[in-house]
Amino acid sequence: MNIMNWISKIVRGFTYFIFLFVSVAAMLEIVFRFLPTSDSLMVKPVNAENPILKFMENREITRQIGFNFAHVNTKRINNYGYATDKKFQEKSVQTKPVISVIGDSYVEAVQVKNKDTFHAILDENFESFDVYPIGVSGSPLSQYLAFAHYASNTFAPKLYVFLIISNDFDESFESVKKAPGFHYFDDVVGLKLMNYEPTIIKRLARRSAFVRYLHLDLKLNVQLRRILGWEVTNDVIRVSQRDTFLEFGRRANEKFLNGIKELSLNSNVIIVLDGDRAAIYSGLKERNAKKPVNILFNELGKSAKTIANIDVIDLHKIFRNDYAINSERFNYDYDSHWNEHGHAVAGQALTDKLRQIGY
């Protein structure tokens with residue numbers, strides 16, 4: 001009898017716990033549905049039939065930058081699944097030549113309105129061209145080439161613009177990044193695709209405002225890693241593994257340059273190198289030589305300049321000069337991506353370069 005009583009108490013306690021958990025979860029879900037939590041960008045499945053990363057098309061989404069709802073932005077996802085107000089047209093029906101801007105989260109640019117991105121500024125400044133931005137967060141150099149091949153086949157751009165960021169180099173290899181949905185450099189097949197299919201749990205999580213807040217806004221997984229001491233900055237990792245990082249980065253640079261050299265046979269190419277903003281804010285004139293990534297930036301820029309039809313914009317010098325005059329930062333204090341000022345300066349730099357080379 002005592003055993004039965006204990007079993008009954010355990011069952012009642014467990015039932016009460018489940019009821020309490022479901023009730024609290026339901027209340028939190030209701031509350032967060034009234035708050036401007038971030039919507040999922042909804043990355044589509046990536047496989048041999050649909051090999052290019054893109055988002056669910058023709059949508060308007062809300063993105064919160066940070067966790068306290070102080071910076072909320074609305075973004076339009078266009079007819080081809082990229083963050084821009086520009087409607088893409090395939091090459092058979094185009095009315096203007098195309099400039100394809102390729103990159104990662106800096107091209108995706110969920111932090112700013114579509115009209116304030118550097119590629120929208122470029123599009124406004126060159127009315128005789130259509131500027132098509134193709135960017136997905138986390139994309140490295142290898143994925144940029146996959147995007148370029150896709151753009152070549154679909155839109156036949158007259159000009160390609162590649163925006164290079166500090167994490168683009170070593171993450172071009174599957175052994176380093178390991179994330180599904182991306183193309184990686186492979187010595188056998190050139191570019192190797194790692195398929196992506198959202199799980200049922202991920203599909204359900206996309207529909208929950210509270211779960212989206214924890215994952216997209218609060219970034220709970222990152223916060224827990226920091227609390228447990230598992231999360232370290234990229235700079236710390238790369239200094240401690242300097243030789244390996246440089247080896248992967250130099251291989252990525254070589255493969256990327258070989259790829260865009262082929263593009264440059266029929267189209268112009270501009271490579272835009274992000275500046276070392278931390279060095280600029282600290283008063284340094286040049287990139288911080290202690291960071292191995294700056295070695296890769298410099299080597300990529302130097303090698304690219306030797307290839308015909310390829311131009312290089314080093315934003316470090318441009319950002320440095322602008323900061324000396326305006327003392328205005330190019331990114332948010334709570335987010336490392338470019339703010340509106342950063343996009344404006346980059347957009348003007350690209351405008352100046354295009355006019356210089358005759359566009």
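The expected span of a helix is 1.5 Å times one less than its number of residues. The exercises below use this rule first, and they concern a predicted model.

**Exercise 1. Compare the expected span of α4 with the distance between its end C-alpha atoms.**

Solution. Begin with the extent of the helix, since α4 covers residues 141-155. At 1.5 Å a residue, its 15 residues should span 21 Å, and because the end C-alpha atoms are 20 Å apart, the two values agree. Just beyond the helix comes alanine 156, whose phi is positive, near 50°.

**Exercise 2. Decide how far α4 is covered, and name what covers it.**

Solution. A residue counts as buried when its relative accessible area is under 20%. By that test 12 of the 15 residues of α4 are buried, and the helix is mostly covered. Among the buried residues are Leu141, Tyr144, Leu145, Ala148 and Phe155. The elements that cover the buried residues include the strands β3, β4, β5, β6 and β7, together with helix α10.

**Exercise 3. Describe how α4 packs against α10, from the axes to the residues in contact.**

Solution. Two packed helices are described by the angle between their axes and the distance between the axes. For α4 and α10 (residues 242-263), the angle is about 15° and the axes are 9 Å apart. The angle therefore makes α4 roughly parallel to α10, given that angles under 35 degrees fall into that class. The crossing of these two helices is left-handed. On the side of α4, the contact is made by Leu141, Tyr144, Leu145 and Ala148, which meet residues of α10 that include Ala252, Phe256, Ile260 and Leu263. Sorted by class, this contact holds eight nonpolar, two polar and one charged residues.

**Exercise 4. Carry out the corresponding description for α3 and α14.**

Solution. The axes of α3 and α14 (residues 340-356) come within 8 Å and cross at roughly 40°. This angle makes α3 oblique to α14, and the crossing is right-handed. From α3 the contact takes Phe118, Ile121, Leu122 and Asn125, while α14 supplies residues including His343, Leu350, Leu354 and Arg355. The classes in the contact of α3 with α14 are seven nonpolar, four polar and one charged residues.

**Exercise 5. Locate alanine 109 and serine 327, and determine for each whether the residue is buried or exposed.**

Solution. Alanine 109 has phi near 50°, a positive value in a residue other than glycine, and it sits in the loop between α2 (105-108) and α3 (118-125). With a relative accessible area of 0%, alanine 109 is buried. Serine 327 also is a residue other than glycine with positive phi, in this case near 55°, and its place is the loop between α13 (315-326) and β10 (331-332). The relative accessible area of serine 327 is 54%, so this residue is exposed.

**Exercise 6. Work out the surroundings of valine 312.**

Solution. Valine 312 belongs to strand β9 (residues 310-314). Its relative accessibility is 13%, and therefore it counts as buried. When residues up to four places away in sequence are left out, valine 312 touches Ile271, Leu273, Gly301, Ala304, Lys305 and Lys353. Finally, the C-alpha atom of valine 312 lies 9.6 Å from that of phenylalanine 162, although 150 residues separate the two along the chain.

Terms used
Residues are numbered from 1 along each chain as its sequence is written. This is a predicted model: local features need pLDDT of at least 70, side-chain atom pairs count only at pLDDT 80 or more; totals for chains, interfaces and linings use all residues. Side-chain values use heavy atoms; hydrogens and water are left out. Axes are lines fitted to C-alpha atoms, for helices over the stretch in contact, and angles run from 0 to 180 degrees between N-to-C directions. Helices (H or I, at least four residues) and strands (E, at least two) are DSSP runs, numbered from the N terminus. Angles under 35 degrees count as roughly parallel, over 145 as roughly antiparallel, 65 to 115 as roughly perpendicular and the rest as oblique. A crossing is left-handed if the near helix is turned anticlockwise from the far one by less than a right angle, and right-handed if clockwise. Contact means heavy atoms within 4.5 Å. Ala, Val, Leu, Ile, Met, Phe, Trp, Tyr, Cys and Pro count as nonpolar, Asp, Glu, Lys and Arg as charged, and the others, Gly among them, as polar. Buried means under 20% relative accessible area, exposed over 50%, partly exposed in between (1.4 Å probe, protein chains only).
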